[in-house]
Amino acid sequence: MTIETTRYRHDAFFYSGIDEFIRGTAQFLRDGLAEGAVMLVVLAPEKNERLQAELGPAASSSITFRNMAEVGKNPARIIPVWRDWVQEHLPSGRPLRGIGEPITPERRFDELVECVRHESLLNVAFDGTEPFWLLCPYDVSALEAAVVTEARRTHPSWVRGDEEGASEDYVPVDLHTPFAAPLSPLAAPAETLHFGDEEMRRVRDVTSRAARQAGFSRDREWDLVLAVNELATNSIRHGGGAGTLRVAVDGDRVLCEVADDGWIRDPLIGRVPPGVEGTSGRGLWIANQLCDLVQVHSGPAGTTVRLSMRA
Amino acid sequence: MVRHLCCVFSTDVQFISAAVDFLRQGLHAGERLLYVADRDADALLADLAPLGDVAALVEQGALVVQPVRATYSSGDVIEPQAQVAAYRSLAEAAVADGFTGLCVAADATELVTGADARHRFMAYELAVDRFMAEGPMRAMCAYDVRVLDDAVLDLVCVHRDHRVPSGLQPGFAMWPGDEGVGVSGEIDVSNAERFAVALDAALDTLLAEADRVRINAAHLEFIDAEGTSALISFIERAAPRGVVVADPPRSLRAVVDTLGWKDRLAFAGPEGTA
């Protein structure tokens, strides 16, 4: 099966160890330089530095390097960065190339679930006509086999060394119920509060208390309170007018879950900046910008959104 | 002594007893008393019997009772500036007659049953509050929750001091401030619309002549995206006046940063420093 190179292409790049990583990514970037591409590379700082050293100063006018820990601590923040960047450079008419490595061995289980969702959503985040080739590196020597398997499921095609191919295991996003997967159980006991629009202050107070218990700074406390408030507002506005808040403290981490009777269908919700007057997706966008992780489970039986934030 | 009190009542006895308390303070302070409610003059006088010899007070010019329609402008909707001017004249007349000022206790329920009338009355409340901060007048504005229900919150939110049943809190208050308004409390989905209405009321009368507006947010503890959106709409309606939000809460900065609204409003530190 031939893979088109003039339209959007989202590849998994499999490598084993840093040397193979540098060889493969540097070649990808050099090929980009040769075709006059504009490029964005989002990796851990050490890898950025090695690539910059490898390519030399001439590359810097065409390649921007960003730190994945800043861009994608919450993996849901990554897609808007790519979309903004593609939008910005599309008018230039130049080919676009990107490298983004969100999955590294340090990621916790729930973060990995969201990284996998992020990769899956990358396949619907563009309309497919953009001349944008995005490479997602996976270190098969360091990651668990299950993670590598998911990479095959979330990428239509892959590259490794000189080889490339279509992925037989590719599974597109379920556009009907994109959030069908249930959440893992809460790691700590939770305080529960049922709320309607008259209990919003209590929603915020319960959240504040948990933040203080976890040792948050005042600013961080208010950020968590705002995020929870926005989710609760979604329940009031779109989720049947009421909801249930559960708040758990696990050491220096607070987990807040807001459940209601609504059904979220938009797979990219919370990953698209809301328009100037628009309110749709605004709450989840705010939550994604402020929180370390946001997980959504939604279907005909209702919706649960879980936020995680550390002090 | 409270200068401007909002009293929400659910029985006639509550209103009368609150009015008597308020007017008694005025009596002891040497103020001329004005008592306004939706009853005839004899009934109004009878309400105030606990104050003592009310007939004598009336004769001395120390007490005036009036049915509500006679006190406030004719027509269904109050004209804020005209009403403030009317009270200013009454207060100055009281001083000219040897009193220390004017003390008013009024049941204004009948004037605020319609939404338009109520919103204009909010504008009047803010304007008269500014007058009373310096001028020789104190007032207790009373509203019957049996008639107004939740709409009474529109009036409560434009008073800093209120006597209301618990559970009937608007969640925020607004009052005239230096070069603008002050806001306290928390704005969320339960009161963002009311907040927008209060801002409009401020623009209607209090801020009408201003070149620039300072919103003192030092006591605004929290505001969400809906509240911020209402604030930004107000800023756009207030144009070409410049509006600055002084001492904003963290949540306002967070909403503005995450939604990319930095260009749509200006912040200042406390005391107007940038």
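In what order do the five strands of the open sheet in chain B run? The order is β7-β8-β9-β10-β11, and the pairing is mixed. A word of caution before I go on: this is a predicted model.

Let's look at the edges of that sheet. They are β7, residues 172-177, and β11, residues 266-268, both of chain B. Each has a single partner strand, so one side of each is left without a neighbour in the sheet. From one strand to the next, the twist averages 25 degrees.

Take the β7 edge. β7(B) pairs with β8(B), residues 180-187. The sense is antiparallel, and there are six bridges. One residue to find on screen is Phe172(B): its bridge partner in β8(B) is Gly185(B).

Now the helix on the sheet. α11(B) lies across β9 (212-223), β10 (242-246) and β11 of chain B. Relative to β9(B), α11(B) runs at about 105 degrees.

α11(B) also brings us to chain A. Two packed helices are described by the angle between their axes and the distance between the axes. For α8(A) and α11(B), the angle is about 60 degrees and the axes are 9 Å apart. Their crossing is right-handed. Which residues meet there? From α8(A), we have Asp219(A), Trp222(A), Asp223(A) and Leu226(A). From α11(B), they meet Arg250(B), Ser251(B), Ala254(B) and Val255(B). By character, that contact divides into four nonpolar residues, one polar and three charged.

Next, α9 of chain A, residues 282-290. How many of its nine residues are buried? Eight, so to speak a mostly covered helix. Among the buried ones are Arg282(A), Trp285(A) and Asn288(A). What covers them? In chain A, the cover includes α4 (78-89), α8 (218-238), β11 (293-299) and β12 (302-310). Chain B adds α10 (225-238) and α11 (250-259).

Last, the cores. The largest nonpolar core has 112 residues. Which members touch the most others? Leu245(A) and Leu307(A) from chain A, with Met137(B), Tyr143(B) and Phe195(B) from chain B. There is also a second, separate core of 32 residues. Its members include Tyr8(A), Leu96(A), Leu122(A) and Val173(A).

Back to Leu307(A) for a moment. Setting aside neighbours within four places in sequence, its contacts include Ala227(A), Val228(A) and Leu231(A). Val254(A), Leu255(A) and Cys256(A) are also in contact with Leu307(A). So are Ala287(A), Cys291(A), Leu293(A) and Val294(A).

Definitions and conventions:
Residues numbered from 1 in each chain as written. Chains lettered and ligands numbered in written order. Predicted model: local features only at pLDDT ≥ 70, side-chain atom pairs only at ≥ 80, totals over all residues. Heavy atoms only, no water. Core = buried A, V, L, I, M, F, W, Y, C linked by side-chain atoms within 4.5 Å. Buried < 20%, exposed > 50% of the residue type's maximum accessible area, 1.4 Å probe, protein only. Contact = heavy atoms within 4.5 Å. Helix = DSSP H or I, 4+ residues; strand = E, 2+ residues; numbered from the N terminus. Pairing = 2+ DSSP bridges. Axes fitted to C-alpha atoms, helices over the stretch in contact; angles between N-to-C directions. Left-handed = near helix turned anticlockwise from the far one by under 90°. Nonpolar A, V, L, I, M, F, W, Y, C, P; charged D, E, K, R; others polar.
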